[in-house]
Structure formats: C-alpha cells, structure tokens
Amino acid sequence: ISDYDSNFDTSGLESSYAGGRQVRIPCNVGYSGFFKIICTEGNWEPRGTKCKPKPCGHPGDAQFADFRLNEGTDFVFGSEVVYECNRGYHMVSRTNRRRCTADGWDGNIPVCEATKCPVFHVDNNVQVFGDVEEATSGSVVRFSCMSRDEILYGQQEIFCQEDGEWSGPIPNCKEIRCSVPHIDHGSVPSGSREYKEHETLNFRCDAKFIPADERPPRCTKFAGKPMWSPTPACKPVQCSLTLPPLTGTTYDPPYTNVFIPGDTLRVTCGEKYWIVDTGTTVADLSCKEDGKWNTHPVCQEVTCPRWIEGQGNKLGDTICTRDGWAPKPLCRGNVNFEFYPGDYIQVAYIWKCERQCKKIAFHKKIGTEHQGPCEKPQIRNGFAVGPLEGTLYFACNENYKLPTKSWWGQAKCKDGDWEKLLPCIDMCGEAPEISNGRLNVVLSPAVVQCNEGYTPEVTEITCLNGEWNFYNFTPKTICRATSKHCGPPPKVENAIVTVAYKKKYSANSSVTYRCREKYQIEKEDTVTCRSGEWEVKNITCTPYCEKLTSSRLVVEEAMEKQRYLEGEVIEYVCTSPHVKAGGNATCRNGEWIKTEECPGIPCRVPQLGPGLGISGFPPENNLVKSGNKLRFYCREEYDIEGSAEIKCLETGDWDAPLPTCCSAPPSLPNGETRGKGSNYDHGEQVEYFCRDNYNLEGGSYKTCENGEWKGDMQCCSHPPQVTNGDTLSFTKPDYQEGERVEYSCFSRYTMEGGPFKTCRNGKWEGEMRCLGACTVDEQLMEQNNLRFTYSWQTKLYAVHKDYISFSCKRGRRVGTVPLRVQCIDGVMELPTCQ
C-alpha cells in the first residue's frame, strides 16, 4: 500500500481478510489520524490520511532565556527544544531540554539566574565604589585611593563579565613615585633612579641646547598618574620675538621671529618710544649664547616722572620730553603740588608759579559728569604695555605669573579705573593635591577647602620662594577629620544598601537598605555613622507572600490584599462546582501552605460536530475531571481531522479544540462537483461548476473546515424573457448574488408586477406580465349598430383595464353586454343594438 508508513500500528491486524472487508489501521502512540483499507477483488484500496505527529503546542517561555528547536520542524510529537540563557545568566535547572511526548511536553520550564562574580577584598588604603557582594553581569566597580598622596596601580574600574569573572585584577594604591625620564639632547646625573612626590629633577642639556622651561621639573600626580611637571625637555638655544611687534616698534628683518646665537636684529622705535636709553631710537641687538638678547627687543614709551623735585621761579607751561620735563627748572622757591581725588594726567602738564607752584588745569573731581582717562598703572612684579585703543596689556616678571592660565592679561579703562587688572603672584606651579580636600588657587594665597567631615588646620597657604608653605603641616595632614569615620555598614540578611559601597564613611553620613525581591523591610531602613560607629538598629527583611491566585480556589473577599506577612492565614473555597470544600492557607517563607488541595474545574463536553463520536463510555453528566483525557472517532463516511485525544486542564478548558469529521461536499442547485467524492480531510477543497445556461456566482471552491464546508456560490442563468417585454439594458454573461435586472413592456402593453427580477441562490426572483391592448373594428361597430357615446372619442384601441362607452345608432341594446365595456389583456366584447 503506497500510503502506508511506519507510523501506523499494525500489531492488531490479522493475516488475511475476506473480500469487501474494511479494516481500520490505528496510529502509533504520539500520532493521530484515520486510515482504513478495503479489500476489493484481492487488492487493498486505501482511504483516509496518513498518521501525523500529535501537536504539543508552545513549550513555554523561560525568563531570561530563549529556546530553539533542536529536533523536528514544529512543536509535534518527537520534537525537542533546547533552552539557552541570555547573556549574563546561567542555567540552574538540571536540564535545558524539553521533549514533546504523547502526553505533552516533559519536565518543567528551565530556570535561569543572573551570573554573579566572586566577592573580593582590597587593601585598607583603597576605596571601592559599587556593590562587590552582589555583583551580577554588567555591574561596574570603581576604585580610588584613600590618600591624595598615593596613586592607583591597575585599572580604575572593572566590571563583572558574563562568565562570572571580573574583567581585570584588583588594583592597589602606592606612594607617588616618578622614574628617571628619557630626555632628548639631555641627561640626568647618576644618582637616585626614583623620586618621591614634590622632589625635583636635576638634569643638564647638551651643547647648544637649553631647558625648555626655566622651572625645575617636580614629581607630582596628574590625572591619577605620576608625572614630571613641567616635562623635562631640552630645546635648541635660540632667541625669539613676538610678531607682529607692539606699537612703536619695528624689526629688520621684519618677518623673522627665531634667531640663533650670533644673529643680529635692528630695532627701530617710533617718535615717542626709546630703546637702550631715552635718547636712542635705533639699535642693533644680538642673540647671545644663552638664547637671550643683549637688550630687551621692545621699544619703551617716553614718560616723565609724576613727582618733580626742584626749585625755581620760572613761569610758563611744561612739556614732557626725552630729557624729562621742560623747561628746567620749572619753579623757584618751595614747590608744593596739590592733587585732588579724581584728577587725571595727560602727557603735557600746565604749571603756574605763584607763591606755590601748583597744577591748575586738566583735573576733574570724582562724581562730575565726565571721568578722565586711566593712568598707566605700576604692575608689582610685572610690567604693562599700552594702553592701545583703550586696552592695557600686562604680564609678570620671571618667577611670577598671573592667577589665570594665560601669560598676558588685558584690562579696560572704565570710569578712571582699570577693569580686570590682575596681580602677579609667586610661581609655585600647579597647586599640589591634598588629602581629603583641595586647594583653590585663583589668587595668592591659596584657599584650603576640605571635604565633608574634615576641617582645615590653616585656611590658606602661600607661595614662598617658589615653594608652597604649609606652615608645619603636610598635604596629608592639612585637612583634619572632625570625628571618627565608620567602616562598611553592617550586613542585613536579604538586603543591600542603596548607595555606592565604600570602605570608609564620614561622620553623620547615612546608608539606606533595600530588601531583595519578595522581602520587605521592617520599621526603619536607615543607619547613620556616629563617632566612628554605626547606629544599632534592628533592621530586618522578612519574606512576604503575594496575593494567592489560582483557578482552583477563591480567597474570602474580606481577606484579599496584595501582600501578606509571615504567618498570616487566609481562608479560601474551591471553585469547582461539584466540590463543596475549602481550607486555610498560611504564609511561610514566602510560600503558601494550604490545608486542602482543591481539584481543578471539570471540563464540559461541547456539542459534537457531524460524524464525530466519543470512544468508550460517555462521561457522566457530560463532564470530564481535570487531568483526564477524552478520545474521539469518526463514523465510516467521515475522516477525523485534528487531535483524536484532548485533555481537560485545571481551568476547566480543553488543551486543544475538538477534532472534526468532514463528509461528502453538499450539492449545488443547477451545478455539479469535481473531486474525489467522499472522505475529505480538514483543509481539502472541492471544485464546483454550473450546468449549461447557468453562470457560477461566488467562489469556485468549498473548503472542509472543522467538519463543515465553507464557501458560498450559486448557479444563475441568464435573465429570463418576458412575453411582449424586454430588459432595459444589455444582458451580461455573469450576474452576482442579489443583482437586479429591470424590464419594460412594449408600446401599448401594460406591466403587471415587476419591473425587476433579482438573482437569489441561483434563481431569478420577481413576477411580471406585459398585458396587451384592445382594438375596435369599425366594420364590427357598423354591424352592431354602434357608435362612440362621446363625439370626441375617435380611438379604435384601449389599453389593459381601460373603458370605452358606446351608444346605439338606432334601436336599443340587446343581450348582456353593457354599452360601457372594459379591455382585459387585449380582449373586449362589443355590445349589440337592434
């Protein structure tokens, strides 16, 4: 038999069968279907379908995992699925596989838990940020040194990997140490090969090279690493210029700004500027072997002193010249100058000699309508250039610097004062790092700012001879702890702290605990560090039970809530309509302990489809207990489709829909089928076509679905002809269900019924007739001695149901026909007069 395969159960078959005998062949365990063979003239004629694997449905999703089909192509008998945990999770179940058996999926859905990394310990001088005790995949832990005088050796942060291992080794903290650097064109004398923090490096440069920075390199910490500041380096000996030159100065050559020892430069000064001395305006400068010019290559503005000492008795105006104030002497006798608040000074001053020589012009008082210009200031430990177009440029002398990062500063004249004019401070380099605080170096001296829980021993430190003066303290001791610190907070079972984990906590700092899932905090949840000890509080996390939900029972309404504490008891009743029972449930360690197990809700057997029957004894009261199964079969002329066995779930629902049995397709009026005749499976189709003179409306196929044939169609003929009438439009080859055709009668014919016919279920519905008109014969009227009663009536015909009145020309009417007669469908009997 070609349709036979290994999934049929042939163990119960006989060795031979008589002719005409029908034999049912069941399927093996795990397969469903219907197959029979008929012995016909010594040959087996197969009927039905092959055995198909029983479906198991979806195997179930696992939290934090995915699954794939390992065997088979669908969730049917014999297939196997393999669960794989997501990244960062690992399998805690004994097996990660489930197989589809005859009774459904075996085993339970596997469980995946987050992969944790091992707890590690660090040195006492290392600070940890992050939870190292409950670190799962992706958790990040950061490290830093407790002391500012130490640096971290190793990675600043590590993370917990998917395999449960940390991404790197645990770092440690050591004192800052700088090694001897390699210096191009320079060398370090033999001696110490390692330097402590704040120690300086002595090095020398090769011939024709000088240190790139005049400041000695100092071992310091920057960005968590030891380094030399400034970087020790050697540069070629050379003299440099600032281009373009400042106002009043020109250079030759004009576009060169770097010169080597021995090169010369010509400097030319403007009318009011000088170089070398006030009487020199042009000078040839040379670059020395040490990389410095023999004279500063910038022209200075000619100025006169503000205070003039001398005697005389000459009257007149004074002018500032290269040789000072002129004329000389200005005044004779005792000279006393009076200056008033708000006075301003220009290049030329007017003096008048009277009893006292006083300045009498070009001064304004503060608060008057116009303020005068600003005097060029004297920069302590620095110098100023300008002003140029209202802007003063200033810088600091050697071993001094501005509080900002730039070498030059700018100031604007406003209301007689210079805005943003900064002082020059001692050059001590960058502010050193201090333990438990920081130095704020904006102006000199630097302000000491300590972290919370610490207080400064001194409020500020100064730069003295290029060194920071800590006043008998060190960077480690400048910030003193105001109170004792606390170590890690006490461990609370089944809880974690909500802040970053640290090895030390400052006084008055607090940590808050949070319970793990399905645990809740009792009373307080926060402890505070007091005088080096954590507060003693009874913080506990107790398990709780979530709301008891089950399709088998209902909790008493008065006892329902979302959470229940340990030891709480609730009452419930079973939901099964045939069980009058209930019990108590107690919350124990987050689980419900019930005194009575409720049975599942029984399943009601639904109405069976055509041809479907139940194997064995019918269920009592048409109900099947939870967990029991029901088997079905189809009658001879039907084939079963779907699962021949279904199971009652505890919810009162079946695990699969009822199977169906499909019989022979229904007949079609005025049509025929084209197919195999009988025994159709679910999903199979049969084709329909119409007889001659009929048109198929709708689909061409009906499909067997769940034991019923689905698909609408009908066979409609052409619109029928109506005697003495016709359709108003041209007829079509096909008409849809419900479509109408309108008719009209020929001239002088009257329509009775209609005027529409409608296609319904392959037939044309709608009754109509076209009734004819009556004609009057003049010869017959003459024979019957008749004329029209009304002289204006001249018509010789009348439509259906119309009347014509006659009169006798002579004599009188005889017979039963009245003189007023009616036309009925073309027939009218005339009266007779004698």
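Is Asp825 buried, partly exposed or exposed? Asp825 counts as partly exposed, because its relative accessibility is 37%, and the partly exposed class runs between under 20% for buried and over 50% for exposed. The close-ups below, all taken from a predicted model, start with this residue.

**View 1. Asp825 sits in a loop between two strands.** The strand before the loop is E83 (820–822). The strand after the loop is E84 (832–833). The backbone of Asp825 has a phi near 45°. That value is positive, and Asp825 is a residue other than glycine.

**View 2. Val276 also has a positive phi.** Here phi is near 70°. Val276, too, is a residue other than glycine. Its loop links strand E29 (273–274) with strand E30 (282–286).

**View 3. A cis peptide bond joins Ser229 to Pro230.** Omega is about -5° at this bond. Pro230 belongs to the loop between strand E23 (225–229) and strand E24 (234–236).

**View 4. The bond from Asp252 to Pro253 is cis.** Its omega lies near 5°. Pro253 is in a loop as well, with strand E26 (249–252) on one side and strand E27 (258–259) on the other.

**View 5. An open sheet is built from 4 strands.** Their order is E6-E7-E9-E10, and the pairing is antiparallel. Strand E6 (65–71) and strand E10 (104–105) each have a single partner strand, so one side of each lacks a neighbour in the sheet. These two strands stand at the edges. Strand E7 (residues 80–85) pairs with strand E9 (residues 97–101) over 3 bridges, in the antiparallel sense. Look for Val82, with Arg97 of E9 opposite.

**View 6. The largest nonpolar core has 16 residues.** Those touching the most other members are Phe120, Val122, Val128, Val132, Val141, Phe143 and Trp166. Two elements give two or more residues to this core: strand E12 (126–129) and strand E13 (140–145). E13 supplies the largest share, 3 residues. In soluble globular proteins, nonpolar side chains tend to be buried together.

**View 7. A close-up of Phe143 and its contacts.** Which residues does Phe143 contact, leaving aside its neighbours within four places in sequence? Among them are Phe120, Val122, Val126 and Val128. Further contacts include Leu152, Ile158, Ile170 and Pro171. Gln127, Gln155, Gln156 and Glu157 also touch Phe143. Phe120, Val122 and Val128 appear again here from the core list in View 6.

Terms used
Residues are numbered from 1 along each chain as its sequence is written. This is a predicted model: local features need pLDDT of at least 70, side-chain atom pairs count only at pLDDT 80 or more; totals for chains, interfaces and linings use all residues. Side-chain values use heavy atoms; hydrogens and water are left out. Two strands pair if DSSP finds at least two bridges between them. Buried means under 20% relative accessible area, exposed over 50%, partly exposed in between (1.4 Å probe, protein chains only). A nonpolar core is a set of buried Ala, Val, Leu, Ile, Met, Phe, Trp, Tyr and Cys residues joined through side-chain atoms within 4.5 Å. Contact means heavy atoms within 4.5 Å.
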